[in-house]
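Reader: I'd like to practise reading a model feature by feature. Can you walk me through one?

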Amino acid sequence: MRGAEPRIRVSALLRWGDGILLCRHSKLGGDVWLLPGGGVQLGETLTDALDRELAEEVGIAAPPYEGPIAIVDSIAPKRTFVSKHVVHMIFACDVGGSLEAVNSQDAAVRGHRIFALDELDGIVLHPPIQRFLQRWQSGDPAVYLGAMWLP
């Protein structure tokens, strides 16, 4: 049965100056924002997957990472039509330079934007980890944020 096993997704909290770079995706019902990243392929390390995904979704060579800094489960409720379980492994990177260098090769990405930390509460973010992103500081211990689901 497809979707019966958990999927591992790596992503990066890309701190760009005082903001965070997010990728816009279109889903049924509107736009959602995600940390850049994607699925880990068989035989691929977490950091190799993150290098590949940052090249595909953001078009940048991955800077040095910190982490993983957080783990989140996204598990669809049992009474939904979707059978989905994604384990998010989140890393952090500081990025400099111009946003003009950002160029996605991933058809699912509909755009990019740098958000100030105080803007995060006003967006649909998958998974919904706004508070964590607003509070995280380099050097904080890795945390398990629990199970969070947004359809």
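**Reading the features**

Author: Let's start with a single residue: D31 has a relative accessible area of 38%, so it counts as partly exposed. Keep in mind that this is a predicted model.

Reader: Which residue does D31 meet in a salt bridge?

Author: The general idea is that side chains of opposite charge can pair when their charged atoms come close. Here D31 meets R24, with 3.3 Å from N to O. R24 is partly exposed too, at 24% relative accessible area.

Reader: How many salt bridges does the structure hold?

Author: There are 6. One of them links R15 to D94, with the closest N and O atoms 2.9 Å apart. R15 sits in strand 1 and D94 in strand 6, so this pair ties together parts that are 79 residues apart in sequence. As for cover, R15 is partly exposed, at 21% relative accessibility.

Reader: Are R52 and E53 buried or exposed?

Author: The cut-off matters here, as buried means under 20% relative accessible area. R52 has 19%, so it counts as buried, and E53 is buried at 6%. Their side chains form a salt bridge with 2.8 Å from N to O. Follow the shared partners and you get one network made of E44, R52, E53 and E56.

Reader: Let's zoom out, then. How many helices and strands are there, and in which pattern?

Author: You'll find 2 helices and 8 strands. Along the sequence they come as β-β-β-β-α-β-β-β-α-β. For the whole protein, 40% of the 151 residues are buried. Now take the contacts between residues at least 6 apart in sequence: 69% of them join residues at least 24 apart.

Reader: How do I read a helix, say helix 1? What is its span?

Author: Compare its reach with what you'd expect at 1.5 Å a residue. Helix 1 covers residues 46-57, and its 12 residues reach 16 Å from first to last C-alpha, close to the expected 16 Å. Just after helix 1, look for G59, which takes a positive phi of about 75°.

Reader: Which residues of helix 1 are buried, and what do they pack against?

Author: The buried set is A49, L50, R52, E53, L54 and E57. Among the elements that the buried residues pack against are strand 1 (7-16), strand 6 (85-95) and strand 7 (109-116). Strand 2 (19-27) and strand 4 (37-39) belong to that list as well.

Reader: What about strand 1? How many of its residues are buried?

Author: In a regular strand the side chains alternate between the two faces of the sheet. In strand 1, 7 of the 10 residues are buried, so the rest of the structure largely encloses it.

Reader: Which strands does strand 1 pair with, and are they parallel or antiparallel?

Author: Take them one at a time. Strand 6 runs parallel to strand 1, joined by 10 bridges, and S11 stands opposite I90 there. Strand 4 is antiparallel to strand 1, with 3 bridges; R9 has G39 as its bridge partner in strand 4. Strand 2 is also antiparallel to strand 1, again through 3 bridges, and L14 faces L21 across that pairing.

Reader: Where is the positive phi in the hairpin of strand 1 and strand 2?

Author: Look in the turn: the two strands have 2 residues between them, and G17 there has a positive phi of about 65°.

Reader: And what does the accessible surface of the protein come to?

Author: About 8500 Å², with 54% of it belonging to carbon and sulfur atoms.

Conventions:
Residues numbered from 1 in each chain as written. Predicted model: local features only at pLDDT ≥ 70, side-chain atom pairs only at ≥ 80, totals over all residues. Heavy atoms only, no water. Helix = DSSP H or I, 4+ residues; strand = E, 2+ residues; numbered from the N terminus. Expected span 1.5 Å × (residues − 1). Buried < 20%, exposed > 50% of the residue type's maximum accessible area, 1.4 Å probe, protein only. Contact = heavy atoms within 4.5 Å. Salt bridge = Lys/Arg side-chain N within 4 Å of Asp/Glu carboxyl O. Pairing = 2+ DSSP bridges. Areas by Shrake-Rupley, 256 points an atom, 1.4 Å probe, with all protein chains shown as cover.
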